[in-house]
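Got your viewer open? Let's walk through this model one selection at a time.

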Amino acid sequence: MAGASHANIARASALWHVEEIFRDTALSDDGKPLPVHCLRWSESKQFLASGHSNGEIQLRLPDGLCTTTLSSGNRPGPVSSMRWLMEDEKELLIADTPWGRVNVFHPENGRSPVDIVDLPDEGSLALDVDCGQKCIAAIGKTRTAHLIDIATMQSMAKLDFAKHRSLEPSLALGAGHSIRVSSVKWHPTHRDLLITGSWDNTIQIWDTRRKESVKVFYGMNAGADCL
């Protein structure tokens, strides 16, 4: 009973802390709090970024105080995914939207993005930065990944996640995703390996050099940015 009591106290404390952090969150036109679609701590743990359904991103200090509100553009739409990276000892925030724009923010330089990458007819449901902080993988609605060079903010290549026939005999029937890809993660140490999750109940590992799925894990549904 004592253990259960401590667990309940810890759970209640965590819920209270979340409520306190978002006590001054963005409000909709009717005065109601806007839903939070994604959260991401900065590398230094100085900021907690919260992406909202109206496209705004709020930057908060660890005590919950909102210091800056970033705008992802004039077109409304939820922030799908966010990642932080370090550049010249300064932190940059990368965020995407489902209508096809990847924004790069420098929190110290104001609320507007310093770089913008548009993905025509694609949208972006999730993104991630590789371990060398050289490349962004942005997942589109058509089971396609855009590989974006961070130095130039230009799309270098595309990776097709649709079902295909693999070079690996053991994957001949299962390589590729049959429906939308909703989550992406670069391998923490291998820059050429990309991991994807989909609503088709598979998690797959891709070799970006070969543009092939090299490993499939079955029975796991990734319905959001969760890898």
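Start by selecting F161, which is buried, with a relative accessible area of 0%. Before going on, bear in mind that this is a predicted model. Now add W206, which is buried too, with a relative accessible area of 0%. The ring centres of F161 and W206 lie 4.8 Å apart and their planes sit at 55 degrees, so this pair counts as tilted. F161 belongs to the loop between β12 (154–160) and β13, while W206 is in strand β15, so the pair ties together parts that are 45 residues apart in sequence.

**Zoom out for a moment**

Show the whole chain as a cartoon. How many helices and strands are there in the protein chain? You should find one helix and 16 strands. Of the 227 residues in the protein chain, 45% are buried. Colour by surface if you like: the accessible surface comes to about 11800 Å², and carbon and sulfur atoms account for 53% of that. Among contacts with a separation of 6 or more, 39% are between residues 24 or more positions apart.

**The other aromatic pair**

The structure holds two aromatic pairs. For the one not yet visited, select F47 and W84: their ring centres are 6.3 Å apart and the planes are at 5 degrees, so this pair is stacked. Trace the backbone from each ring and you'll see that the pair links distant parts of the chain, with F47 in the loop between β1 (36–41) and β2 (48–52) and W84 in strand β5, 37 residues apart. Both F47 and W84 are buried.

**The sheet that holds W206**

Next, select residues 181 to 218 and look for strands. In what order do the four strands of the open sheet come? The order is β13-β14-β15-β16, with antiparallel pairing. β13 (181–186) and β16 (212–218) are at the edges with a single partner strand each, so one side of each is left without a neighbour in the sheet. Look along the sheet and you can follow its twist, which averages 25 degrees from one strand to the next.

Now narrow the selection to β14 (residues 193–198) and β15 (residues 202–207), which run antiparallel and are joined by five bridges. To check the register, click on L193: its bridge partner in β15 is D207.

**A hairpin with buried side chains**

Move on to strand β9 (residues 126–129) and turn on side chains. In a regular strand the side chains alternate between the two faces of the sheet. Here A126 and D128 point one way, L127 and V129 point the other way, and all are buried.

Extend the selection to strand β10 (residues 135–139), which runs antiparallel to β9 and is joined to it by four bridges. A126 has I139 as its bridge partner in β10. Five residues lie between the strands of this hairpin, and Q133 there takes a positive phi near 55 degrees.

**Follow the charges**

A search of the whole structure finds six salt bridges. Keep D128 on screen and add R83: the two form a salt bridge, with the closest N and O atoms 2.7 Å apart. This one links distant parts of the chain, since R83 is in strand β5 and D128 in strand β9, 45 residues apart.

Add D225, which also forms a salt bridge with R83, the closest N and O atoms being 3.2 Å apart. D225 is in the segment after β16, and 142 residues separate it from R83. Which of the three residues is partly exposed? That's D225, at 25% relative accessibility, whereas R83 is buried, with a relative accessible area of 4%.

For another salt bridge, select D130 and R191, whose side chains meet at 3.2 Å, N to O. D130 is in the loop between β9 and β10 and R191 in the loop between β13 and β14, 61 residues apart. D130 counts as buried at 4% relative accessibility, while R191 is partly exposed, with a relative accessible area of 42%. Going back to the earlier trio, salt bridges that share partners join R83, D128 and D225 into one network.

**Last stop: S80**

Finish with S80, in the loop between β4 (66–71) and β5 (81–87). Is S80 buried or exposed? At 18% relative accessibility, S80 counts as buried, because the cut-off is under 20%. Show its surroundings and you'll find that S80 touches residues including C38, D96, S124 and D225. Then draw a distance to G55: C-alpha to C-alpha, S80 and G55 are 8.9 Å apart in space, and 25 residues apart in sequence.

Notes: Residues are numbered from 1 along each chain as its sequence is written. This is a predicted model: local features need pLDDT of at least 70, side-chain atom pairs count only at pLDDT 80 or more; totals for chains, interfaces and linings use all residues. Side-chain values use heavy atoms; hydrogens and water are left out. Two strands pair if DSSP finds at least two bridges between them. Helices (H or I, at least four residues) and strands (E, at least two) are DSSP runs, numbered from the N terminus. Axes are lines fitted to C-alpha atoms, for helices over the stretch in contact, and angles run from 0 to 180 degrees between N-to-C directions. Buried means under 20% relative accessible area, exposed over 50%, partly exposed in between (1.4 Å probe, protein chains only). Contact means heavy atoms within 4.5 Å. Rings of Phe, Tyr and Trp (its six-membered ring) pair if their centres lie within 6.5 Å; planes under 30 degrees apart count as stacked, over 60 as edge-to-face and the rest as tilted. Accessible areas come from the Shrake-Rupley method with a 1.4 Å probe; for residues, only the protein chains shown count as cover. A salt bridge is a side-chain nitrogen of Lys or Arg within 4 Å of a carboxyl oxygen of Asp or Glu. Lists of a residue's contacts leave out its neighbours within four places in sequence.
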